[in-house]
Amino acid sequence: MRMLIFGPPGAGKGTVAGQVTSEEGIPHISTGDMLRQAVAAGTELGRTVKGLLDAGELVPDAVMIALVGERLEQADAQDGWLLDGFPRTLPQGEALAELLARTGQRLDLVALVEVADEVIVERLGGRRVCLACGATYHLTYSPPKVAGQCDRCGQEQVVQREDDQPETIRRRLATYHHQTEPLIAFYEAQGVVRRFDNSGAPEEPVRAVRESLASADRGR
Ligand code: AP5
């Protein structure tokens, strides 16, 4: 199974992807997580991209294409993957298409997670993430059992992301609408897009994605 999870910032891509990949036994490859890990580790990549991430701006295509290309060569990605946060521009989509064609693989599903912008602003304002293990919480809908402490790894490193400030959220949404949304038509032309509403409880899109996967004509 090779699939993309696609949608605006804060639509719930990470939440849905986490459940789907643990059920499917495929790696959840989140480019946002990869970049944040590089920032936390202080690598050259991390130092290069930190300002862009904090400002809610996109990292250059060449950097992202190389990063994802290397990741997809790793052993755990040979039998399938879920890409979360990539591609985000048409050049990234074309690069992924070339990579798949070169390796004789194809995309089984592009899951488009949809939520209205006003809901996103509220959700991202309340989001908290664990810096240690990446677990995601929401202060109202899914808070950690002990404030500031991660239920999953126990570390007291549950904080607000730098790019979850109201002004930055608006900028990320505008970037999505201008630069990323055109990819929907790119994938609709390939007949692989399915839309999933995440305005209600996240169990709904997870169930719907599960049903789509069960009926998908899976390629190699
Ligand atoms: P990235 O980490 O990919 O951020 P994003 O796309 O903006 O998505 P988010 O992680 O903010 O949200 P999500 O959709 O995963 O929602 P979540 O599940 O957390 O990228 C960050 C940055 O990295 C970019 O801005 C860019 O700078 C750079 N970057 C990454 N990839 C790149 C690329 N390919 N090219 C260039 N630059 C790139 O849910 C949000 C909140 O809502 C959570 O609190 C969650 O608990 C809650 N929630 C989820 N579902 C529900 C529900 N149904 N009901 C109530 N609450 C819910």
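# A walk through the predicted model

Arg 127 has its place in strand E5, which spans residues 127–130. Before we go further, please keep in mind that this is a predicted model. With a relative accessible area of 13%, Arg 127 is buried, since the cut-off for that word is under 20%. What does Arg 127 touch, once its neighbours within four places in sequence are left aside? Its contacts are Thr 136, Tyr 137, His 138, Gln 160, Arg 161, Asp 164 and Arg 172. For a sense of distance here, take Tyr 141: this residue is 14 residues along the chain from Arg 127, and the two C-alpha atoms are separated by 9.4 Å.

Another buried residue to visit is Thr 168, in helix H7 (residues 166–180). Its relative accessible area is 9%, so Thr 168 counts as buried. Apart from neighbours within four places in sequence, Thr 168 is in contact with Asp 54, Ala 55, Gly 56 and Asp 163.

Now to the cysteines. A disulfide is a covalent bond between the sulfur atoms of two cysteines. How many disulfides does the model hold when the two sulfur atoms must lie within 2.5 Å? The count comes to 0. Cys 133 is in no disulfide, and the nearest cysteine sulfur, which belongs to Cys 150, is 3.7 Å away. Because the cut-off is 2.5 Å, a separation of 3.7 Å does not qualify Cys 133 and Cys 150 as a disulfide. Cys 133 is partly exposed, at a relative accessible area of 28%. Cys 153 is likewise in no disulfide; for this residue the nearest cysteine sulfur is that of Cys 130, 3.7 Å away. Cys 153 is partly exposed too, with a relative accessible area of 32%.

Let us turn to the helices. Two packed helices are described by the angle between their axes and the distance between the axes. A good place to start is helix H4 (residues 61–72) with helix H5 (residues 90–102): the angle is about 30 degrees and the axes are 10 Å apart. H4 and H5 are therefore roughly parallel to each other, a term that applies to angles under 35 degrees. Their crossing is right-handed. From H4, the residues that meet H5 are Asp 61, Met 64, Ile 65, Gly 69 and Leu 72, and on the H5 side they find Pro 91, Gln 92, Ala 95, Leu 96 and Leu 99. Sorted by class, this contact has 7 nonpolar, 2 polar and 1 charged residues.

H4 also packs with helix H2 (residues 31–41), and here the angle is about 100 degrees, with the axes 11 Å apart. Which way do H2 and H4 run, relative to each other? They are roughly perpendicular, because the angle of about 100 degrees falls in the range from 65 to 115. Thr 31, Met 34 and Leu 35 of H2 meet Met 64, Leu 67, Val 68 and Arg 71 of H4. The class count for this contact is 5 nonpolar, 1 polar and 1 charged residues. Met 64 is worth a second look: it meets H5, and it also meets H2.

The next pair is helix H1 (residues 13–24) with helix H9 (residues 203–215), whose axes come within 10 Å and cross at roughly 40 degrees. H1 and H9 are therefore oblique to each other, and H1 passes H9 in a right-handed crossing. H1 contributes Val 16, Gln 19, Val 20, Glu 23 and Glu 24 to the contact, while H9 contributes Pro 205, Val 206, Val 209, Arg 210 and Leu 213. These residues divide into 6 nonpolar, 1 polar and 3 charged.

Staying with H9, we find Arg 207 in this helix. Arg 207 is partly exposed, at a relative accessible area of 34%. Its C-alpha atom is separated by 24 Å from that of Ala 77, which is 130 residues apart from Arg 207 along the chain.

Our last stops are in loops. Gly 200 lies between strand E8 (193–197) and H9, and at 44% relative accessibility it counts as partly exposed. Gly 200 and Leu 53 are 147 residues apart in sequence, with 28 Å between their C-alpha atoms. Pro 87 lies in the loop between strand E3 (81–84) and H5. The peptide bond leading from Phe 86 to Pro 87 is cis, with omega near 0 degrees.

Note on methods
Residues are numbered from 1 along each chain as its sequence is written. This is a predicted model: local features need pLDDT of at least 70, side-chain atom pairs count only at pLDDT 80 or more; totals for chains, interfaces and linings use all residues. Side-chain values use heavy atoms; hydrogens and water are left out. Axes are lines fitted to C-alpha atoms, for helices over the stretch in contact, and angles run from 0 to 180 degrees between N-to-C directions. Helices (H or I, at least four residues) and strands (E, at least two) are DSSP runs, numbered from the N terminus. Angles under 35 degrees count as roughly parallel, over 145 as roughly antiparallel, 65 to 115 as roughly perpendicular and the rest as oblique. A crossing is left-handed if the near helix is turned anticlockwise from the far one by less than a right angle, and right-handed if clockwise. Contact means heavy atoms within 4.5 Å. Ala, Val, Leu, Ile, Met, Phe, Trp, Tyr, Cys and Pro count as nonpolar, Asp, Glu, Lys and Arg as charged, and the others, Gly among them, as polar. Buried means under 20% relative accessible area, exposed over 50%, partly exposed in between (1.4 Å probe, protein chains only).
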